[in-house]
Amino acid sequence: MPKVLISDSLSPRAVEIFKERGVEVDVITGLKPDELKAIIGKYDGLAIRSSTKVTKEVLAVATNLKVVGRAGIGVDNVDVPAATASGVVVMNTPFGNSITTAEHAIAMMFALAREIPAANTSTHAGKWEKNRFMGVELYGKTLGVIGCGNIGSIVADRAVGLKMRVVAFDPFLSAERAQDLGVEKVELDELLRRADFITLHTPLTDATRNVLDAKALAKTKPGVRIINCARGGLIVEADLKAALDSGHVAGAALDVFAEEPAKESILFGNEKIICTPHLGASTTEAQENVALQVAEQMSDFLVTGAVVNALNMPSVSAEDAPKLKPYMKLAEQLGGFAGQITETGLKSVTVEYEGQVADLNTRPLTAIVLMGLLSPLLASVNMVNAPVIARERDIKVAETKRDDAADYQTLIRVVVQTERATRTVAGTLFGGEKPRIVQIEEVPVEAELSEHMLFIRNEDKPGFIGKLGTTLGDAGVNIATFHLGRTEAGANAIALVSVDQEVADGLLERIQGLPSVVRAKALHFQA
């Protein structure tokens, strides 16, 4: 039974979901880093919010960890590259708190426009400063949305409903999507120049860090108001303070800070700034939603192999998972076969899908092919980190699909280009679930792979089979199955032999020395 640790506060319903789906769960919150490292090795999954830090050091001792689930959208507290290198899937719940966070941004914009917090404090103090708090309308103003994804698009939609003009900067926003939202897609400099209000809704990455610094703020129109309910670090806080002090920026509403929890800040005490303690996702509905979603996603992955909302591997729906399962075994065998017969540097890999398999979600299959291909060279490769490793080694990876079937109703072919040659191996499923090799380097041969095998390229001449059988027999190695293929009589031939025990190096050398043998290789596959 898979075992999950919940190390941050989640809804009790999340625990129930894990248990209902056959996952054992422990709830231990408030762990210090050393305490987490001491126990993480016995868990298959780790469910977190923002408090737990999943660092490279934690991942190094998480020997059984398969998935980290973040209840929420941000994964700043997870070392995603280190998780990927360790083969750990990182999931989040990007939609569970989208509405809540968007509504908080709108609320902050209203509060900023009408100076509500300061007016509230003044009135509680017994003052009646009606003339002091002169706000501005949102109607007719231009809202600049930096980042128009899940949350940003909801904010844009609400702003359009308020009769604001909305301009959006987002490199991934298509013209069609912008039109559907009723927003104008612009470059960042134009947004800064035109916006009366600016709201940020991007993740914190190298590309977005400090996106509003002194240089950017200087490009904004005088009297601009800024809202950040996304991530601390998007705004250079010292530069914002300077712009507020000079009067160029009329006000700011911040729910997030560069350092959290923000017990101290150079921005505190400034009446032009509204501050809240990272409340974007803090509603009853959102907390319940993200907790339930992360429990469901992690359970599905650990029990069925379904992958949803993963940041470092292709998604596999619960519907696709059982369909892909037999193909996953075939993909691993094909990749492993190609990897074991390849002895020079890899340059490119093409995975061809024909027939029924072409209609499936093939990205996970390609990742598994790469895993099998790289496994003979690397001890820690898996389907999560294999695509990253291939990119790091400048191995070009491509997929092709063809719906029409040729000799088989479904077929996967792996074509590996090395520094010296092109290697090809293809396979299919018999009975819809039994993997079979059906072609090796253009030679047709049907074989089921087993734990110990011999791959032999030979000249098609009389006496070869007898000599091979005698050599194996003299060494006490029993033949389980024997598969032969050739292009034509007397030409190149292939023998794929399943044996009951490992073929020792000395025996392999004797086989290599037999007449007609061009190449002999011992292969190993998981039983």
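Let's start with a cluster. Phe 337, Phe 455 and Phe 525 form one aromatic cluster. Keep in mind that this is a predicted model.

How many aromatic pairs does the structure hold? Three. I'll walk through two of them.

First up, Phe 257 and Phe 268. Their ring centres are 5.7 Å apart. Their planes stand at 80 degrees. An angle over 60 counts as edge-to-face, so that is what we call this pair.

Where do these two residues sit? Phe 257 lies in the loop between β11, residues 249–254, and β12, residues 273–275. Phe 268 lies in the loop between β11 and β12 as well. So the pair ties together parts that are eleven residues apart in sequence.

Now accessibility. Phe 257 has 7% relative accessibility, so it counts as buried. Phe 268 comes in at 34%, so it counts as partly exposed.

Back to the cluster, and to the pair of Phe 337 and Phe 455. Here the ring centres are 5.6 Å apart. The planes are at 75 degrees, so this pair is edge-to-face.

What does this pair tie together? Phe 337 lies in helix α13, residues 320–341. Phe 455 lies in strand β19, residues 452–459. So the pair links parts that are 118 residues apart in sequence.

Are these two rings' residues buried or exposed? Phe 337 is buried, with a relative accessible area of 0%. Phe 455 is buried, also with 0%. The cut-off for buried is under 20%.

One thing to look for on screen: Phe 525, which joins Phe 337 and Phe 455 in the aromatic cluster.

Terms used: Residues numbered from 1 in each chain as written. Predicted model: local features only at pLDDT ≥ 70, side-chain atom pairs only at ≥ 80, totals over all residues. Heavy atoms only, no water. Phe/Tyr/Trp six-rings, centres within 6.5 Å; stacked < 30°, edge-to-face > 60°. Helix = DSSP H or I, 4+ residues; strand = E, 2+ residues; numbered from the N terminus. Buried < 20%, exposed > 50% of the residue type's maximum accessible area, 1.4 Å probe, protein only.
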